[in-house]
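User: I am new to this structure and would be grateful for a close look at a single part of it. Please take the nonpolar patch on the surface and the helices that supply it.

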Amino acid sequence: MDLFTLITLLIVISALFAYLNTRWLKLPDAIGIMVCSLSFSVLLIALNSIYPDQLASVRQTVAQIDFGKTLFDVMLSFLLFAGALHTDSAKLKVERRSVMLFAFVGVLLSTFLVGSGLYLLTRHLDLNLSFPLCLLFGALISPTDPIAVLGILSKFKLPDNVKLNIVGESLFNDGVGVVVFASIYRIVINGADSVSTGEIGLLFLEEAGGGILFGIALGYGMFWVLRSINHYQTEVIITVAGVMGGYLLAQKLHISGPLAMVVTGLLVGGHHSRQDAMSQLTEEYVDKFWELVDGILNALLFVLIGVELLLIDFQLTQWSIYLLVVLLVLIARYVAILIPFTLARRWLDLDRNAPIMLTWGGLRGGLSIAMALSIDGSLPQKEFIVTITYAVVLFSVIVQGLTMERLIRRLYPPDKAS
């Protein structure tokens, strides 16, 4: 199947699921489309057990989709920029200490806790996963997905400081997670002697620090160009060119493209940029354009997550393992938030309910799946890692997403939320 036909099918399916959700289910977009997509996949799996020959072409079509490449190289730059563009950078600046603390320290703590817990669990179950491979799973599952978080939290009313911490952390921690994942993956493939602590630190500085600095330069460069003209069509095109060209250049420079896009989006969407570089008409068109891009790509992403289920060999007899891994990830997330929260309590403007909300609101999504699928197929445990990753992501988006509003109402009654 050629690329255009494949994209057409995915767009048509996304539009159908979005319509079904808007017309009947009326769930938050990300959850509703995911539910439709999963239901569709389960139906196909059931039909496949009855008519395997007739549905073989469906599996072949899905197998043509390189999920990791599609997300990392095509969709991620647009989604992160759009999410950051519509985030209040002035308010986020107020919460910068807690956001950075949770995004950096939280991910590292969670990686170690999940990896250690999975290692002990698999030893008890005689699955014999190596400790570096368990840490690899910890690294890919610890970052919360900004795409899922932004798509769901936008529908719910939370105190601004709590919402900004959840959104801000999710925007920044994926870059940290990718760097940690890359370092541990190198150890898994080449052995512990292949990388030193100094090399990991240098890689982190290059990727994360370079990405942030590049994002600042790109954001101010786009601000200067937008300020020099007043033509909304051209200005919209400039934002698209900045995202695509900037992300490509970041990849060539071997720095974090995701962090660069987040910083660029925050600068371009900030109050100063909107006031000084955009007319009211330009601001309206830029916002509407990126809202539309965000909506279309979000729908596509969750359809992809659903249809990829056709290629995942879930063993229903191992449901208890999947449940234990989900509990492990949730507990590790809570502890990884609680420790820095407790140690830095006096400097953080967050109430005592914040760790619970940050834990349950820390959704996993396409980023975790993309990293899991990028693991070399020669590793015999890859299928198990992909399967448990999918189990955590499905639980996260469906169960946590569907119960988010109830938890918010319990922790933050309407008269206390702002």
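Analyst: Helices here are DSSP runs of H or I with at least four residues, numbered from the N terminus. In these terms, Leu292 has its place in helix H14. The model under discussion is a predicted one.

Leu292 belongs to a nonpolar patch on the surface, which it forms with Leu3, Ile7, Ile11 and Ile296. Together these residues have about 470 Å² of accessible area. Two helices, H1 (3-25) and H14 (280-307), each supply at least two residues of the patch. The greatest contribution is that of H1, with 3 residues. On the side of H14, Leu292 has a relative accessible area of 53%; the cut-off for exposed is over 50%, and Leu292 therefore counts as exposed.

H1 also has a relation to the helix that follows in the numbering, H2 (residues 29-50). The axes of H1 and H2 come within 9 Å and cross at roughly 115°. Because angles of 65 to 115 degrees count as roughly perpendicular, H1 is described as roughly perpendicular to H2. The crossing in which H1 passes H2 is right-handed.

The loop between H1 and H2 contains Lys26. This residue is not a glycine, yet its phi is positive, at about 55°. Lys26 is exposed as well, with a relative accessible area of 61%.

A positive phi also appears at Asn128, a residue other than glycine, where the value is near 55°. Asn128 lies in the loop between helix H6 (96-124) and helix H7 (131-141), and its relative accessibility of 57% makes it exposed.

Key. Residues numbered from 1 in each chain as written. Predicted model: local features only at pLDDT ≥ 70, side-chain atom pairs only at ≥ 80, totals over all residues. Heavy atoms only, no water. Patch = residues over 30% accessible without salt bridge, like charges linked within 9 Å, V, L, I, M, F, W, Y side chains within 5 Å. Areas by Shrake-Rupley, 256 points an atom, 1.4 Å probe, with all protein chains shown as cover. Salt bridge = Lys/Arg side-chain N within 4 Å of Asp/Glu carboxyl O. Buried < 20%, exposed > 50% of the residue type's maximum accessible area, 1.4 Å probe, protein only. Axes fitted to C-alpha atoms, helices over the stretch in contact; angles between N-to-C directions. Parallel < 35°, antiparallel > 145°, perpendicular 65-115°, else oblique. Left-handed = near helix turned anticlockwise from the far one by under 90°.
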